[in-house]
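Subject: Structure handover

Hello,

Here is the structure I said I would pass on. My notes on it follow below.

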Amino acid sequence: MSVIAFFGLGHMGGPMARRLLRDGHAVIGFDPSATAREAFAAAGGRCAPGPEDAAADAQMVISMLPAAAHVEALYLGGAGEPGLLSLLDAETLVMDCSTTGPAAARRVALAAECLGLDWLDVPVSGGTAGAEAGTLTFMAGGTATALQRARPVLRAMGNNVFHAGEAGAGQTAKLCNNMLLGVLMAATAEALQLGVAHGLDPRVLSEIISRSSGRNWALETYNPWPGVMPGAPASREYRGGFASALMLKDLGLATEAALQSGSATPLGELARNLYALHNAGGRGEQDFSSILELLRGGPPGPASAATAATAAS
Ligand code: NAD
């Protein structure tokens, strides 16, 4: 069993770190959010006061942070602060599970390589339910040797571990998946809204499509219509889950990748624009299935309601 420093104990990192505890590892967490730290402590986890303290005795470092800027700041440092990589023992294996895009992953990978550290970008799929259940899919970019070291720990958090290729390749696979997911969620919400507008019951329509050719993951395991699926974020006012702001970030990363390779991604770009409008409407913190509210002309989200109230006062 290993000593693992875990950075980022949010919607995904919290349950992932708890799975590692359950697997018998000594996990030392770090998160600037008191709420995230308290939730981890309530599950029996220990948190360190700072990043260096968390990593002091760690054989492995895992991070699950919002975006590339957080990951680069943690590992590479900046503004006179040393990055975490420069403080680690050369035997340490470093795995970033955040969705950052391939360019940022390659920058950190290069810095890690210069210091002789094993590094992997290992973004995940499976959502918060998959993180809780330990059934995530991991897509790794990096060397086969590093992945061999990482495998037992990844298997404690997920069912599937794929080697996508060299550093950054895990991120490329993740962008392709999430671009498709953004399109599927928007299209699923659109189809349900159309049916309901014509008098169909969203539960009956969901059941019909789930046995027909339009079936997909968003409809069947993450239904965007409130009340259709009791465990889905839509049935708890879109709280928790995968924030619309993070989906917009991922669709932006897919656009960047498309520009770099000259690929046409018209549906991904349309989904990115829909999520940009949705976020501008104040729903960035809500789960990404709340895109349904944009399509059915629901009221503005909490942030824009607050902005309107401030503007009016
Ligand atoms: P989140 O915002 O719930 O959690 C991120 C956590 O990182 C927060 O608690 C934040 O306080 C913490 N943090 C920020 N800077 C930090 C630092 N320097 N050190 C330690 N902690 C720091 O986000 P999430 O939903 O858990 O997503 C995390 C990553 O996983 C994102 O890149 C996201 O795109 C990806 N992802 C999310 C899901 C999902 O369903 N939520 C699924 C797959 C992938």
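Helices and strands here are DSSP runs, a helix having at least four residues and a strand at least two, and both kinds are numbered from the N terminus. On that basis the chain has 14 helices and eleven strands. The radius of gyration is 20 Å, close to the 20 Å that the globule rule gives for 313 residues, so the chain is as compact as a globular protein of that length. Please keep in mind that this is a predicted model.

Overall picture

The C-alpha trace spans about 65 × 45 × 40 Å along its principal axes. Of the 313 residues, 48% count as buried. The chain exposes about 14,200 Å², and carbon and sulfur atoms supply 58% of that area. Taking contacts between residues at least 6 apart in sequence, 62% join residues at least 24 apart. As for charge, there are 20 positive and 27 negative side chains, and the centres of these two sets lie 7 Å apart.

Domains

The domain assignment of the chain gives two entries: domain 1 covers 3-165 and domain 2 covers 173-306. Their centres, taken over C-alpha atoms, are separated by 27 Å. Where the domains meet, 13 residues of domain 1 are in contact with ten residues of domain 2.

Helix H1

Helix H1 runs over residues 13-22 and is mostly covered, with seven of its ten residues buried. Which residues of H1 are buried? They are Gly-13, Gly-14, Pro-15, Met-16, Ala-17, Arg-19 and Leu-20. After H1 comes Gly-24, which has a positive phi, near 100°.

Arg-18 is also found in H1. Its relative accessibility is 21%, and buried means under 20%, so Arg-18 counts as partly exposed. Leaving out residues up to four places away in sequence, Arg-18 touches Phe-40, Ala-43 and Glu-132. Another pair to look at is Arg-18 and Gly-134: they are 116 residues apart in sequence, while their C-alpha atoms are 9.6 Å apart in space.

The loop between H10 and H11

Helix H10 covers 217-221 and helix H11 covers 244-261, and Glu-237 is found in the loop between them. Arg-236 lies in this loop, and Tyr-238 lies there too.

Arg-236 has 32% relative accessibility and counts as partly exposed, because the partly exposed class lies between the 20% and 50% cut-offs. Apart from neighbours within four places in sequence, Arg-236 is in contact with Gly-231 and Gly-241. Between the C-alpha atoms of Arg-236 and Asp-201 the separation is 19 Å, and these two residues are 35 apart along the chain.

What is the phi of Glu-237? The value is near 55°, which is positive in a residue other than glycine. Tyr-238 likewise has a positive phi, near 60°, and is a residue other than glycine.

Is Glu-237 buried or exposed? Glu-237 is exposed, because its relative accessible area is 58% and exposed means over 50%. Tyr-238, in contrast, has a relative accessible area of 4% and is therefore buried.

Helix H12

Helix H12 takes in residues 266-283, and Ala-280 is found in it. The relative accessible area of Ala-280 is 65%, so this residue is exposed. Ala-280 and Pro-300 are 20 residues apart in sequence, and C-alpha to C-alpha they are 9.4 Å apart in space.

Places to look at when you open the model

- Helix H1, with seven of ten residues buried, and Arg-18, which is partly exposed at 21% relative accessibility.
- The loop between H10 and H11, where Glu-237 is found; Glu-237 is exposed, whereas Tyr-238 is buried.
- The contact between the domains, made by 13 residues of domain 1 and ten residues of domain 2.
- Ala-280 in helix H12, which is exposed.

Regards

Terms used. Residues numbered from 1 in each chain as written. Predicted model: local features only at pLDDT ≥ 70, side-chain atom pairs only at ≥ 80, totals over all residues. Heavy atoms only, no water. Rg over C-alpha atoms; globule rule 2.2 N^0.38 Å. Buried < 20%, exposed > 50% of the residue type's maximum accessible area, 1.4 Å probe, protein only. Contact = heavy atoms within 4.5 Å. Areas by Shrake-Rupley, 256 points an atom, 1.4 Å probe, with all protein chains shown as cover. Lys, Arg positive; Asp, Glu negative; His and termini not counted. Charge placed at Lys NZ, Arg CZ, Asp CG, Glu CD. Domains from an automatic or database assignment.
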